[in-house]
Amino acid sequence: MGGWAIAVHGGAGVDPNLPAERQEEAKRVLSRCLNLGIAALRGGCAAVDVVEQVVRELETDPVFNSGRGSALTRRGTVEMEASIMDGRGRRCGAVSGLSTVKNPVSLARLVMDKSPHSYLAFDGAEEFAREQGVEVMDNSYFITEENVGMLKLAKEANSILFDYRIPVPGVETCSASAGSMVDNPLQMNGLPISIYAPETVGCVVLDGNGWCAAATSTGGLMNKMMGRIGDSPLIGSGTYACDLCAVSCTGEGEAIIRSTLARDVAAVMEYKGLGLQEAVDYVIKNRLDEGQAGLIAVSRNGQVAHGFNTTGMFRACATEDGFMDVGIWE
Amino acid sequence: MGGWAIAVHGGAGVDPNLPAERQEEAKRVIARCLHIGITALRGGAAAVDVVEMVVRELETDPVFNSGRGSALTRRGTVEMEASIMDGHGRRCGAVSGLSTVKNPVSLARLVMDKSPHSYLAFDGAEEFAREQGVEVMDNSYFVTEENVGMLNLAKEANSILFDYRVPVPGVETCSASAGSMVDNPLQMNGLPISVYAPETVGCVVVDGNGCCAAATSTGGLMNKLTGRIGDSPLIGCGTYACELCAISCTGEGEAIIRSTLARDVAAVMEYKGLGIQEAVDFAIKSRLDKGQAGLIAVSRHGEVACGFNTTGMFRGSATEDGFMKVGIW
């Protein structure tokens, strides 16, 4: 075996004009969360426990768009979602439509371990949360002032919010429809990059016993419709783990869903025999069409990999042999 | 090209003791819905329109578990879900947690075509339904007397309802935990087969232009927790369509999710070069572990295929050259 490995991400699609201090702040949070995972792995923790622990930390920190700091629905509320998958046995759990649960990834874990199902959402998920006694907060806890401001900008910038870039018959392409955006071609999900809040946090781990696990958590898409579910809670789209590898994705939700992006990384490894980085490069290049996304992955051989076709992805990784890297850009 | 092809299903996991008249009734409904699709295909309809039309018909008919006739939550209410995928462009739409929408598959279609998103659920989906002016009914419309009875039986049979068969550390296997079920080893989702209502209806089509599409619709799992989402609305799990093929699955939801069953059929065709029946057999044999499920598939070359490791799957299929078949076992 190649020893343990861990990668974390804080979302793909970063404003190239993001002020330096914001970039440094993000990298600090990523490093801190990475180090939590490293300490746990050195202590012999199982992959599924490490990914949960690290994502909890990313959820709690308001810098990234999950848990506290989530993107807001068009009504200004928060609807959070998450999923977790244990490559050992390919067990999984997911939640959507959470409005009071402090750590969505932990509720996803409980769905996997303590419920008879794999995926619970909205009122039913909130009810399950209370049955399980998880920590809940008033919805206002999750709302940051910054995101209230971003929501206003999003409403002004784009009265039609595109979730994908496939031309719909009879409708012009996203960039053409986003009228005033012609001046600023950099967009994610139809929003100018300066307004777009990179979605999602995630973590993938290979533990000391050779098991892989992945977890992904998000508040979703700024100005989304109520009830909108993105890729993050969807097994095979935003999250996947199996014997070979673990994957967590971020970016344009519909592009990731129609590409079954996370599953495809593993599928090209299993069915075409590609190595991890080859597989990551393959899916980013071939599956997304005009969509924009990024992902992190680990393999059971102790490798870490990432790929993205967006402007940047907040990420960090480390392997047992001492390698460590934190980055945003190419 | 090989001409058009169509397959429909009404769920996998059938009670071998199902009375003959119920079997005949199911086959009649399957055949009727198949014919609706065949007529549309002969008229040149596009695959995505055909799958929607056929699944609407299956939803409206109370015989199968979707729309009217849906399985009931533990509270005795109905929460329906569906997804649709157009292989041409791999566009998709899905809905979950519908309680009043008469045809969930059509709302999924509207999510795909008329919303900026791919998947809407619960209150948000119901709100979108009203914005779109789709036909809505009182929740009681969807609740059949038979299913009220089945819900009571389900509650009696199994206080813990397992959604999957992967052993959870510290917990015995499903069949061991279902105590009184030792006498009747045939189970789906932890329920004895006589109580289990096969989930889900679906349709897959390749049209005269070689485009594939798939749609799946369900009321879900008898006695499920409110808010439970199964495989049917999940792209890559219960439904998938691309340039090569289209798939719709049915069976144990968690098994299908962890197997990404629908996507895997297409993936082994794309990445290993398998033909459609080989791919279906591979997915059923190798991806499910102890899970039970079935699926129908079509390829862009006009082939139909099906596979299941359950006791039976209600299904029907037809191809342009005149082949037609309806079956259960």
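**Exercise 1.** In this predicted model, classify R32(B) as buried, partly exposed or exposed, then characterise its contact with D61(B).

*Solution.* Step 1: R32(B) has a relative accessible area of 35%. Buried requires under 20% and exposed over 50%, so R32(B) is partly exposed.

Step 2: The side chain of R32(B) meets that of D61(B) in a salt bridge, with 2.8 Å from N to O.

Step 3: R32(B) belongs to helix α1 (residues 20-42) of chain B, while D61(B) sits in the loop between α2 (47-60) and β2 (80-86) of chain B; the pair therefore ties together parts 29 residues apart in sequence.

Step 4: D61(B) has a relative accessibility of 13% and counts as buried.

**Exercise 2.** Determine where E135(B) and K102(B) lie in chain B and state the N to O distance of their salt bridge.

*Solution.* Step 1: The two side chains form a salt bridge at 3.9 Å, N to O.

Step 2: E135(B) is in the loop between α4 (122-132) and α5 (145-157), and K102(B) is in the loop between β3 (91-98) and α3 (104-114); this pair links distant parts of the chain, 33 residues apart.

Step 3: E135(B) is partly exposed at 47% relative accessible area, whereas K102(B) is buried at 17%.

**Exercise 3.** Identify the partner of E270(A) in a salt bridge and establish whether that partner is buried or exposed.

*Solution.* Step 1: The partner is R263(A), with the closest N and O atoms 2.6 Å apart.

Step 2: R263(A) has 1% relative accessibility; the limit for buried is under 20%, so R263(A) is buried.

Step 3: E270(A), by its relative accessible area of 30%, is partly exposed.

How values were computed. Residues numbered from 1 in each chain as written. Chains lettered and ligands numbered in written order. Predicted model: local features only at pLDDT ≥ 70, side-chain atom pairs only at ≥ 80, totals over all residues. Heavy atoms only, no water. Salt bridge = Lys/Arg side-chain N within 4 Å of Asp/Glu carboxyl O. Buried < 20%, exposed > 50% of the residue type's maximum accessible area, 1.4 Å probe, protein only. Helix = DSSP H or I, 4+ residues; strand = E, 2+ residues; numbered from the N terminus.
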